[in-house]
Amino acid sequence: VDVVDTIFAWGGTIDAKVIRTTNGGANWVQTSSALGGEVTAISGINNQRSVVIVNNSASTRIRRTVSGGVSWSTVYEDSSTDAHLNAITMLDDMNGYAIGDPVNGQWVILKTTDGGLNWDPTSTLSQNGSEKGISNSMKWVDLMNGWFGTDNSRIYRTTDGGITWAAGVTTFQNSNTVAFTDVSGGVTAGVDINWSTDGGASWFTKPAQISGEITSAASAEQIQGKYFFVTGNEVYSTNNFGDSFVLGYSQTDTLRSIDVDVVKVGENNWITGYAVGDSGRITK
């Protein structure tokens, strides 16, 4: 799921559907049923424009709509044996990034500068062993600073727009999610929670934890210390960089993904977010 603002948001499903809301989540409308595979990741630019990653057994693709989902075009496709895109984000109307599993020993790192119409490699980054990426385990706070997680106890980070990358080592293997509020402070989570205060160069644990495996996390950008997490059927948050956690919501269905944005309305900043999961569960 991806928040655009207090009114608009987009979501994707494992059975090739994209949904969107134009009234703050009160109603969600299916935009297409023929995307051709699992919608692994989605990034909404505005009410009309969105890009999605679609994976199936034959290929991995980026598809794009500029018509609110009425029609979709394929703007990137790779049918290589190991090809599998994991995460995508648009940082503004024109610029965005996508990350995919290594192909022939090199991570797939793509960039667009024309609103998602064209996607081109931005750098070369060699695979370490047999490592792969994890769906939606990626975060960018601006055009220069980004991170993505792996199944190899490593978080890759860039400070120059994806040209060069370095790795920080985590205390657990699968980084299901990574989130940063700014260029310095961030979190990654899975069966454990790690924190960073140096932009992902190093990672450490804290005494406070959340029971169960965390599947997704989101940051309230520029509000230092504020993060949200989903695990099982629950939503947790912290206001103090993981020194303590508060259970914010619990229900019966397993949650899979969460996204929050800080949206300015008039003179006030509002945190708007959605957590989505099994059986069509959407919480706000």
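## Salt bridges and surfaces: worked exercises

D243 has a relative accessible area of 51%, so it counts as exposed. Keep this residue in mind, since the exercises soon return to it. The structure above is a predicted model.

**Exercise 1.** Find the partner of D243 in a salt bridge, and say where each of the two residues sits.

*Solution.*
- Step 1: Look for a positively charged side chain. D243 pairs with K206, and their closest N and O atoms are 2.9 Å apart.
- Step 2: Check this against the cut-off. A salt bridge needs a side-chain nitrogen of Lys or Arg within 4 Å of a carboxyl oxygen of Asp or Glu, and the pair K206 and D243 is a salt bridge.
- Step 3: Place both residues. K206 is in the loop between β19 (193-196) and β20 (216-219), while D243 is in the loop between β22 (234-238) and β23 (246-250). They are 37 residues apart, and the pair links distant parts of the chain.
- Step 4: Compare the accessibility of the partners. Buried means under 20% and exposed over 50%. K206 is buried because its relative accessibility is 17%, whereas D243, at 51%, is exposed.

If you wonder about the background, side chains of opposite charge can pair when their charged atoms come close.

**Exercise 2.** Is D253, the partner of R281, buried or exposed?

*Solution.*
- Step 1: Start with the pair. R281 and D253 form a salt bridge whose closest N and O atoms lie 3.0 Å apart.
- Step 2: Locate the ends. R281 belongs to the loop between β25 (268-277) and β26 (282-283), and D253 to the loop between β23 and β24 (255-265), so the salt bridge ties together parts that are 28 residues apart in sequence.
- Step 3: Read off the values. D253 has 17% relative accessibility and therefore counts as buried. R281, with 23%, counts as partly exposed.

**Exercise 3.** Which parts of the chain does the salt bridge between D278 and R256 tie together?

*Solution.*
- Step 1: Begin with the distance. The closest N and O atoms of D278 and R256 are 2.9 Å apart.
- Step 2: Name the elements. D278 is in the loop between β25 and β26, and R256 is in strand β24, so the pair joins parts 22 residues apart in sequence.
- Step 3: Add the accessibility. D278 is partly exposed at 29%, and R256 is partly exposed at 47%.
- Step 4: Set this in context. The whole structure has 6 salt bridges.

**Exercise 4.** Where do Q222 and S279 lie, and what is the sign of phi in each?

*Solution.*
- Step 1: Take Q222. This residue is in the loop between β20 and β21 (227-231), and its phi is positive, about 70°, although it is not a glycine.
- Step 2: Take S279. Its place is the loop between β25 and β26, and its phi is also positive, near 60°, without being a glycine.
- Step 3: Check the surface. Q222 is exposed with 59%, and S279 counts as exposed at 70%.

**Exercise 5.** How does the radius of gyration of the protein chain fit the value for a compact globule?

*Solution.*
- Step 1: Take stock of the elements. The protein chain has 0 helices and 26 strands.
- Step 2: Compare the radii. A compact globule of 284 residues would have a radius of gyration near 19 Å, and the chain has 17 Å, which agrees.
- Step 3: Add the extent and the burial. The C-alpha trace spans about 50 × 45 × 35 Å along its principal axes, and 54% of the residues count as buried.

How values were computed:
Residues numbered from 1 in each chain as written. Predicted model: local features only at pLDDT ≥ 70, side-chain atom pairs only at ≥ 80, totals over all residues. Heavy atoms only, no water. Helix = DSSP H or I, 4+ residues; strand = E, 2+ residues; numbered from the N terminus. Rg over C-alpha atoms; globule rule 2.2 N^0.38 Å. Buried < 20%, exposed > 50% of the residue type's maximum accessible area, 1.4 Å probe, protein only.
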